[in-house]
Amino acid sequence: MNADLHCHSAVSDGTLQPEALARRAKANGVDLWALTDHDEIGGQQRAREAAGALGLPYLSGTEISVTFLGTTVHIVGLGFDPDDTQLRDGLAATRGGRRERALEMAAGLAKVGIRDSFEGALAYAGNPELIARTHFARYLVETGVCSDTSEVFRKYLTEGKPGFVPHRWAALADAVRWIREAGGIAVIAHPARYRFTANEEAALFNEFIGHGGRGVEVVTGSHTSAEATRYADVALEYGLLASRGSDFHGPGESHTDLGALPALPAKLTPVWTALHDRIVQPG
Ligand code: AMP
Ligand code: MN
Ligand code: MN
Ligand code: MN
């Protein structure tokens, strides 16, 4: 099964519209797809309808920003009811502080001589409620401050750098509950990306499971093959379902394209086996 259960549209910080992503997923041989915009499900209906028109089975998705032990952790939700009020309100609250954060980021960048970055980033944001560091990164590349977005993150947008603003996102318990009570499955996104100690990582997994979280991303565009191997073992150790997703944000920006991922290791139980009745079948 070529499932791709993690990607972003212009409704968050991707560059393609949901319809274009659906076409790209289909063309790349994806046979189960989920759009997982950050803190936002405003693109779900468009994605589901576009997938349906292409004969592509679809799962609802989102990627919730969480603060855990002072670090930002991402929790993917799959197969939830997109009309669930608690989930909708929780996502709205989570993304609510982004504008003020972006203004503070721009003030920090102005101090090192980078002007007008709020307006510049906003021009890249397809959804003004979802202004993200990614949009600042695109603006700083456009204006020649850096040559690519990873250089922008390294020099300006990560902890201790001029455009970094600490932010409190959702609580882990809340994010997992919103997803679960909307009928979906919560999944820890790209676990190798967090800079946790072994004890902190164990706390993340144990608390996540304690709150009813059931899955972990193993094969993702954000993991090396060694990291996928390691988190395959972690999935087995904790008895978690395994997910697979490119984390595609757009052509020319993401090195892993939609559907272009290795298979999940055969010893794992794929998350979609627990989501049969949540898959939107076309036609
Ligand atoms: P935000 O939610 O505003 O903090 O933005 C987080 C987003 O920035 C992530 O979802 C990625 O799309 C992007 N991002 C984070 N770190 C990097 C990096 N080192 N290089 C490129 N993009 C990154
Ligand atoms: Mn992103
Ligand atoms: Mn993420
Ligand atoms: Mn993502």
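I will take you through the overall fold and then the surroundings of ligand 1, and please keep in mind that this is a predicted model.

Let me begin with the protein chain, whose secondary structure comes to 10 helices and 7 strands. Along the principal axes, the C-alpha trace of the protein chain spans about 50 × 45 × 40 Å. The radius of gyration of the protein chain is 18 Å, and because a compact globule with 283 residues would have a value near 19 Å, the two agree.

Turning now to the ligand, where does ligand 1 sit? Ligand 1 sits in the largest pocket, and the elements that give two or more residues to the shell around it are helix H4 (98–111), helix H6 (133–142) and helix H7 (149–157). The residues that surround ligand 1 are Asp13, His38, Arg98, Arg101, Ala132, Arg133, Thr134, Ser150, Phe153 and His249, and by character this shell divides into 2 nonpolar, 4 polar and 4 charged residues.

Which side chains, then, bring a polar atom to an oxygen atom of ligand 1? His38 has a polar side-chain atom that lies 2.8 Å from an oxygen atom of ligand 1, and for Arg101 the distance from a polar side-chain atom to an oxygen atom of the ligand is likewise 2.8 Å. In the side chain of His249, an N or O atom is 2.9 Å from an oxygen atom of ligand 1. As for how much of the ligand is covered, ligand 1 on its own has 500 Å² of accessible area, and the protein covers 78% of that area.

Notes
Residues numbered from 1 in each chain as written. Chains lettered and ligands numbered in written order. Predicted model: local features only at pLDDT ≥ 70, side-chain atom pairs only at ≥ 80, totals over all residues. Heavy atoms only, no water. Near = heavy atom within 4 Å. Polar contact = N/O pair within 3.5 Å; in protein donor to acceptor, adjacent residues only side chain to side chain. Areas by Shrake-Rupley, 256 points an atom, 1.4 Å probe, with all protein chains shown as cover. 1 Å grid on protein atoms, 1.4 Å probe; cavity = no way out; pocket = protein on both sides within 12 Å on 5 of 7 lines; lining within 4 Å. Sits in = over half its atoms within 2 Å of the grid points. Helix = DSSP H or I, 4+ residues; strand = E, 2+ residues; numbered from the N terminus. Nonpolar A, V, L, I, M, F, W, Y, C, P; charged D, E, K, R; others polar. Rg over C-alpha atoms; globule rule 2.2 N^0.38 Å.
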